[in-house]
Amino acid sequence: MSTTQRTFQIKAGKKLSRKDIVFSLVPGSGEESVYFGSSDGSVYLADFSAEKIEPVALTGDHRHTSYVTGLARTGKGRLVSGSYDRRLIWWDTETGKSIRVVEAAHGKWIRKVKASPDGKIIASVADDMVCRIWDAETATLLSVWKGHEEMTPHHYPSMLFTCEFSPDGAYLATADKVGLIVLWDVASGKMVKTFEAPIMYTWDPNQRRHSIGGVRSLAFSPDGKMLAVGGMGKVGNIDHLEGKARVSLFHLEKGEVLAEIETGDIKGLVQRLAFHPRGEWLLASGGDNKGFAVLIDPQAGKTLLEEKNPPFHVHDFMLNSAANGFIAAGHNQIAICGIEG
Amino acid sequence: MACLPVSASGENWWDHLGELPAQDEKAEVVIDRLINERLAKKGITPAAKTPPLSGLRRAMLDLCGRIPTVAEADAFLADSNPERWERKIDSLVASPEFGRFLAHELNWLLMDGKSTDFQKYLTAAVEKQVSWDGVFSAVISGRADDGDLKGVDFYLRDRVRDLDQMTNDVSVQFFGVNISCAQCHDHPYVTDWTQETYYGMRAFFTRTFETGGFAAERAYGEQSYKTTKGEERKAAPRFLGGELVAEPERGEPGPEEKKAELAVLEELKKKKESPPPPDYSRRSRLVEAALGEERKLWLARSLVNRTWYRLFGHGLVMPLDQMHGLNEPSHPELLQWLARDLAGHNFDLRRLIRGIVLSQAYQRDSRWNLGERPAPSEFAVANPRPLTPLQYAVALKIGSTRTGHFAPQLSPEEFQKRINGVAQSGAGLARWFARPGENFHVAVDEALLFSNSGEIKGQLLNAGLRDEMEKLPGHGERIALAYRSLLNRDPDAEEVETLQSYLAAREDRPREGIEQMLWAIMAGAEARFNH
Amino acid sequence: MNTDPYFCGSPEHDISRRAFLSHAVAVGSGALLGTTGAVHALDEDSLNAALRGSGKSVILLWLAGGASQLETWDPKPGRLTGGPFGTIPTSIPGVHISELMPKMAKRMHQVSVIRSLSTGDAGHGTGAEMMLRGRKNEAALHYPDMGAILSKELGRADSKVPGYVSFYSQTEGRGSGMTSPAFLGARFAAMELNNGMMPPNISRLGEISEMDHRERSQLRDMLSARFAKNRETETMRSQAAAYARVHGLMSSESLFDIEQEPQWVRDCYGPTLFAQQALMARRMVEAGVPFVRVSRAWWDSHGQNFETHAEMVPELDHVMATLLDDLDQRGMLDSTLVVAFGEFGRTPGINPSLGRDHFANAWSAALFGSGIAKGAVYGKTDEDGNNVIEGKADAGALFATILSAIGIDPDKEYHVGSRPIPLVNPGVYAIDDILA
């Protein structure tokens, strides 16, 4: 049966309620074990297979003093966290302790930290509008990539929200507030090309003179041919996240738009995107005052399912290995969700 | 904020009135007798009668919201019937223009001029000659189911989120008493006017609530308040400090009953229907209490005073919202007689206005040449009043239209149609002006608008009157036409001389000269005031 | 890398500023006026008289929609309510403010902050009405707003400049932040500059020559004066007064022309609309306008509070700091009061949209200049910012403080009919701790 004829369902299952806001999530040691980064400045390890989930904060000489928005596993028993406090901290997953800190890794808030597929390098993006490339082992700064304007065309500080490696590790994409996506050649550090999703900027010049959108999420298709870009569409009232959740699909090679996908009545930012391991669908999740998950048929450029689940604003999620479920983390909650169909 | 002393029983001015004139006398006769008696006592000789066209302009502005056309003015002058004034007033009062303008003015009184369905209700009510107590009753009931009442509910709907405002607006607008200061404290001097007075009035509205945009009412709910000492008290409904309204005991419903009530409301909300009135309605009790034999004089006095203010620029009682027992009117017997006459004649506003306009007091000149001008409360001389935005805009529009557009040979229907068309185009211009209240000042914005706006040029100067003037053979004719059309009078010799030399200095640009003269007249004091 | 969005660091500008400053100090205030360009078109004698008259002006930076106290003056670092921003030390030892305001942090010794506003109304319309009037309108008595009162108290009857100018360029909240002279009358109404910076109808239409424009006015005045003879009223006089001000205001046309400011001054303020309007406010105050409101809408960050404040606070920081320096360098800080607040603050609680909602229970305002203590921080909120624990101040207290700071007795009374109306409600007092 082709993807478009299947009926999907997303259901939230086991959950963990929290007082804090969870911004980042990466795999822990087992299938249902996760590290997550919190608004309280800590990185936690939690096992969702346990009867009673009791997250444990990682400890050590170094800690964050603001929201932990980026987490990356490097594969060699290392975990790297990045925060709005501008620090990057390296953790030993064996001992659960911090081992190294890079103070002032960026000049402003660090928004995302990603590891290359081979685990050798780490990319961090921040509101200083640069992408920094680090040696995953030694924390040595290898390169600084500048391709995004510091100021918006309306003279306000811009924001560099997210980055993502291509599956083969050859490319890194970075995306900012005004809707500019830059594709970098990882080996040379050169800019390869740019893509634009200006509608996601949400700048309102008349009523409120202000914006709240930006490109918040990126995903490469498993075959490396397609780049998905997530954010929010046009907003009437930018006091609220009330624009329709939105995903643009670009042809990586040709640079052209393959599809613009806007949800029916689901509103808010697409905070995270992930393709099915064989590219059967694309999962987008995020939220406004509540959460949502949207399944997209990337070939048809259409949504397969628009679900107001998980019930909380999702900031990050990770697919399980069978791609029949995911763990979502966000506002006051982490939950296991099943994808049926 | 300081409060004026307010009603205590036995101290009210209406408890000490002299003998009132007989009930069957004519209003205009009573007005003139009582006004002139007081003038005589003070040794003031009132101003002479204003010239006929000045009187016509004044009455048409007051009654229809516009100035007369040149043809109307000519016809009035040509009428040799000694009763032409009375005949003219009667025809004006009976005209559809009168009804429309009255509804417009009442909408300002009750809704601050907001354009809602309420204005449509008022227009229909005036047209159908609904009495003022009928309007009051319909407004307070807030039931709009019947076709005639469509829109009347907007009065309460507009205020349902703020019951203090509802309480105070009803008290001020219908009864001329502002009891809002008693909201926070008892009056320091007058023991009868207390927090209980305020909350007694508010108790009539305390069961009113908003649902689905409607102002609905429950059959239960009590009004309580905190005294200045912090004591919690219950207030029973009573009309402006009057006797308690007796009512059946009604406790709070149980949770089940409330749930059922909520379900019904939700259902109605979905259907966008208004909730039914309760089996026992406190607002209906207010209507009964306010329209009782003695009490209805409050309603009548306030309406008389407001109408008087509108036609004279000064009330028999000032300020308009302080019509309580200790604030004596300038002419107490006159106010009481007019109120009684109004209440005794089905609260007929047309009749009241007609009576006032027929009086000599209304028809006096606005000039005072004999030393110090008497206080406005003497009504010895007419008080020049700034025009309302609509009056000013429509007057300028009509005045700047080609006189032939309103030719005397038009059928009445066609004439009316044309007047309406011009008046409607004036509504847009009216938005630029401020509504005058007490102590009104003309804003510099208005002067700048006249001085430099393309709107004024495009709508008023570059208009039919100018074209007509251009075709006239001489400056004298042009000046005369401008004055007759815009100011409803002939220019005097000095004005003619001044304007002739102004136009003569612009022989090289005659059109500009004419436009500038028209501008100077339109932006001038004479066109801006009802005098 | 220069992350400062505003171009003020150039050595060239430094020279200009230094030269400007030394010139001003050496030559005195006459030179200050001469450099603005604003006043050349005006009658300098009457302008100077205007300045000598009351000498005081107020600029209100109206933060419409409600800026967050937690992301500005009263941060709560390390608390879940505190949000992600850090704090920075200021020029007052021991006092920290949000890291989004580094420029004001350096100037805190010139500023007073109230951290204990508890104003009780978290509605945009009703809150704005109250904060602009120091109290709520009563059903039957509407109060004049701050600008109308100050225009009356500080302005001159025959002034050739407006008494009250209000900028509000965004449309959101404009209706709820309405100015009103109420019973003071239209003479004290705001000149509303909502579209562009040039007031409407201030320029002569091209079709009429300047001479005809003047003679037409004279004709109007003459005809009107004849009419008014023996029947003049107060309202009729106000009409004559309004027309008499027309040519004075028209001659101040250049006052509204920002091009008259030197480029380096405009660069210092920066390119945003709020910044340019703040510069216009300084320009107007310098020319004798008693009250200018510069509105920055719209802070209502129900969603993405932190992105909103990351976007808008640096602008506020820069504009306030530049205005402070500019007024200081021109010797105008003792005669000009600058206040910054909106209708309320924002909730310590962070909602699922990472927003903060309306909050009037514990929030902040900042003031500097005329009559204001230098470096005072008044009042205190609890560790999460939920409640005021010290020095609770309401809208009336803030209003009375502003009046006191520019030398107006808050107990002064107006009269509406026979009713005396004090400028603030009885029992309301200024906050002495932040008065100089």
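**Reasoning through a predicted three-chain model**

Colleague: What makes S19(A) and S20(A) a hairpin, and which residue in the turn has a positive phi?

Modeller: Five residues lie between S19(A) and S20(A) in the hairpin, and Gly255(A) in the turn has a positive phi of about 80 degrees. The model is a predicted one, and in it S19(A) and strand S20 (residues 257-267) of chain A pair in the antiparallel sense over six bridges. Since pairing requires at least two bridges, the six found between S19(A) and S20(A) satisfy the criterion. As one example of the register, Ser248(A) stands opposite Glu260(A) in S20(A).

Colleague: How do you know that S19(A) also pairs with S18(A), and in which sense?

Modeller: Strand S18 (residues 226-232) of chain A and S19(A) are joined by seven bridges in the antiparallel sense, where the threshold for pairing is at least two. Within S19(A), Leu249(A) is the bridge partner of Ala228(A). Strands of a sheet pair through backbone hydrogen bonds, either parallel or antiparallel.

Colleague: Why is S19(A) called mostly covered?

Modeller: Strand S19 (residues 244-251) of chain A has eight residues, of which six are buried, and buried means that 20 or more other C-beta atoms lie within 10 Å.

Colleague: What makes S13(A) and S16(A) edge strands?

Modeller: The sheet in question is an open one of four strands in chain A, ordered S13-S14-S15-S16 with antiparallel pairing. Strand S13 (160-165) and strand S16 (190-196) of chain A each pair on one side only, and this is what the edge label records. Neighbouring strands of this sheet are turned by 20 degrees against each other on average, direction ignored. At the S16(A) end, strand S15 (residues 180-185) of chain A and S16(A) share six bridges, and Lys190(A) in S16(A) is the bridge partner of Asp185(A).

Colleague: Why is Met191(A) classed as partly exposed?

Modeller: Met191(A), which is found in strand S16 of chain A, has 14 other C-beta atoms within 10 Å. A count of 12 or fewer would be exposed and 20 or more would be buried, so 14 places Met191(A) in the partly exposed class. Not counting residues up to four places away in sequence, Met191(A) touches Gly147(A), Val182(A) and Trp184(A).

Colleague: Why does Met197(C) fall in that class as well?

Modeller: Met197(C) has 18 other C-beta atoms within 10 Å and is therefore partly exposed, given that buried would need 20 or more. Its place is in the loop between strand S6 (191-193) and H7 of chain C. Leaving aside neighbours within four places in sequence, the contacts of Met197(C) are Phe256(C), Ile258(C), Gln277(C) and Met280(C).

Colleague: How do you know that H12(C) is largely enclosed?

Modeller: Helix H12 (residues 395-405) of chain C has eleven residues and eleven of them are buried, which is why the helix is described as largely enclosed by the rest of the structure. Among the elements that cover its buried residues are strand S1 (57-64), helix H5 (124-133) and strand S11 (363-369) of chain C. Gly407(C), which follows H12(C), has a positive phi near 80 degrees.

Colleague: Why does the end-to-end distance of H8(C) agree with the expected span?

Modeller: Helix H8 (residues 234-251) of chain C has 18 residues and, at 1.5 Å a residue, should span 26 Å, so the 27 Å between its end C-alpha atoms agrees. There is nevertheless a kink of about 30 degrees in H8(C), centred on Arg245(C), and Arg245(C) is also one of the buried residues of the helix. The buried residues of H8(C) pack against strand S5 (385-386), helix H18 (444-452), helix H24 (525-528) and strand S6 (529-530) of chain B together with helix H7 (210-228) of chain C.

Colleague: How do you know which pair of chains shares the most contacts?

Modeller: Two pairs of chains are in contact, and chains B and C share the most contacts. That contact takes 40 residues from chain C and 49 residues from chain B; on the chain C side, the elements that give two or more residues are H7, H8 and strand S16 (419-422). Between chain A and chain C, 34 residues of the former are in contact with 29 of the latter. No contact joins chain A and chain B, whose closest C-alpha atoms lie 21 Å apart.

Definitions and conventions
Residues numbered from 1 in each chain as written. Chains lettered and ligands numbered in written order. Predicted model: local features only at pLDDT ≥ 70, side-chain atom pairs only at ≥ 80, totals over all residues. Expected span 1.5 Å × (residues − 1). Bend = angle between axes of the 7 residues up to and from the residue. Contact = placed C-beta atoms within 7 Å. Axes fitted to C-alpha atoms, helices over the stretch in contact; angles between N-to-C directions.
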